[in-house]
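Hi,

Here is the structure I said I'd pass along. Have a look at it first, and then read my notes underneath.

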Amino acid sequence: MTIGNYQHEFHGLPVFDFPGARADSDADTAAPAELPDAEAVAWRISAPTYSEPGDELWEPQFERFLKTVDAARVRALVVGGWDEAYETSSAPVVAALIAARDRLTDLRAVFLGDMTGEDCEISWIVQSDVTPLLAAYPALREFGVRGGTELAFPSIRHDRLETLVVETGGLPAEVVRGIVGSELPALERLELWLGTDEYGGDSTTEDLAPLLAGTGFPALRRLGLCNSVIQDQVAAAVAGAPVVARIERLDLSMGVLTDEGAAALLGGQPLTHLTHLDLSHHYLSAAMSERVRAALAPHGVTVVLDDPEQAEDDGDGEVYRYVAVAE
């Protein structure tokens with residue numbers, strides 16, 4: 001499965017597509033369309049990933065955006081596509097955002113790479129080191145990024161970041177280690193799409209150890225370890241992880257969770273304190289699904305077991321299970 005829809009809401013705000021320049025007009029002098037208040041929406045700035053002559057590229061569109069809206073009142077930005085995102089990294093986009101920090105003085109949320117599969121498959125999106133962007137905006141509360149190719153996230157400190165979401169078809173172990181080794185004292189929600197080794201997702205549960213130990217991220221209440229080809233191992237590690245005692249919402253969805261992983265999860269520490277457990281897109285038997293519900297639902301835990309999948313047998317004894325989003 002690929003990502004088929006753009007974000008409709010971000011940072012609690014409706015997403016509004018900033019209009020592209022008309023091909024028959026001067027982008028600097030064309031009268032802007034009627035626009036919402038600067039602070040009322042999350043502004044999506046996007047250019048064609050497969051550009052043609054006359055198309056407005058991302059950087060000129062962003063500069064026109066800064067001249068058109070009251071940049072000092074913009075609260076949230078969603079970066080969509082940029083030209084040849086399958087070959088060109090996000091580094092110029094990151095640099096442009098950093099250069100605008102003295103104009104985007106109230107910016108609180110950024111999502112980098114809001115593209116569908118038609119724009120650029122998730123594992124084709126070429127990212128870059130995104131931590132300078134976080135350093136440039138010390139008041140940022142929410143940051144999301146899509147695409148793991150060339151993504152870098154060396155350990156940093158950020159005092160106000162509350163939400164961090166990293167969506168990939170394969171999250172490199174080095175990036176995982178950088179994230180879980182960061183100092184993020186305000187972080188309340190962390191969601192990592194670990195993916196598959198076919199697309200660079202080579203992390204193991206050992207890479208997650210500092211996170212699972214609960215020694216970092218003291219404010220963490222929502223944890224997602226999703227879309228993983230090693231979901232059974234992740235579930236087993238989570239079962240005994242000290243951090244889970246203070247988690248309210250646990251997300252192990254989108255991966256290849258089987259009865260083995262679910263049994264390990266139920267056999268570990270009590271999960272009855274959770275308000276929400278998401279195991280959707282799973283490979284559980286009907287009996288195990290019922291066992292999970294019976295163990296948790298009576299305690300008020302909302303258990304999500306949507307999208308049950310069936311393993312594929314090639315006839316030669318090889319069984320295949322797939323994460324929800326890979327290529």
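Let's start with a single residue: is Glu150 buried or exposed? Glu150 is exposed, with a relative accessible area of 57% (exposed means over 50%, buried under 20%, partly exposed in between, using a 1.4 Å probe and protein chains only). You'll find Glu150 in the loop between strand E6 (142-146) and strand E7 (163-167). Its phi is near 60°, a positive value in a residue other than glycine. Most residues other than glycine have a negative phi.

Before the rest, a word on the source: this is a predicted model, where local features need pLDDT of at least 70, side-chain atom pairs count only at pLDDT 80 or more, and totals for chains, interfaces and linings use all residues. Residues are numbered from 1 along each chain as its sequence is written, and side-chain values use heavy atoms, with hydrogens and water left out.

Met254 also has a positive phi, about 75°, although it is not a glycine. Met254 sits in the loop between E10 and H7, and at 15% relative accessibility it counts as buried.

Now the whole chain. The protein chain has eight helices and 14 strands (DSSP runs numbered from the N terminus: helices are H or I with at least four residues, strands E with at least two). A compact globule of 327 residues would have a radius of gyration near 20 Å, and the 21 Å of the protein chain agrees with that (taken over C-alpha atoms; the rule is 2.2 Å times the number of residues to the power 0.38). Along the principal axes, the C-alpha atoms fill a box of roughly 65 × 45 × 35 Å. Buried residues account for 51% of the 327. Of the contacts between residues at least 6 apart in sequence, 75% join residues at least 24 apart (contact means heavy atoms within 4.5 Å).

One helix is worth a click: H6 (residues 231-239). Its buried residues are Gln231, Asp232, Val234, Ala235, Val238 and Ala239. They cover an arc of only 160° around the axis, so they lie on the same side of H6 (the arc is that of the directions from the helix axis to the C-beta atoms). What do the buried residues of H6 pack against? Their partners are strand E8 (189-195), helix H5 (209-212), strand E9 (222-228), strand E10 (249-251) and helix H7 (259-267).

Cheers
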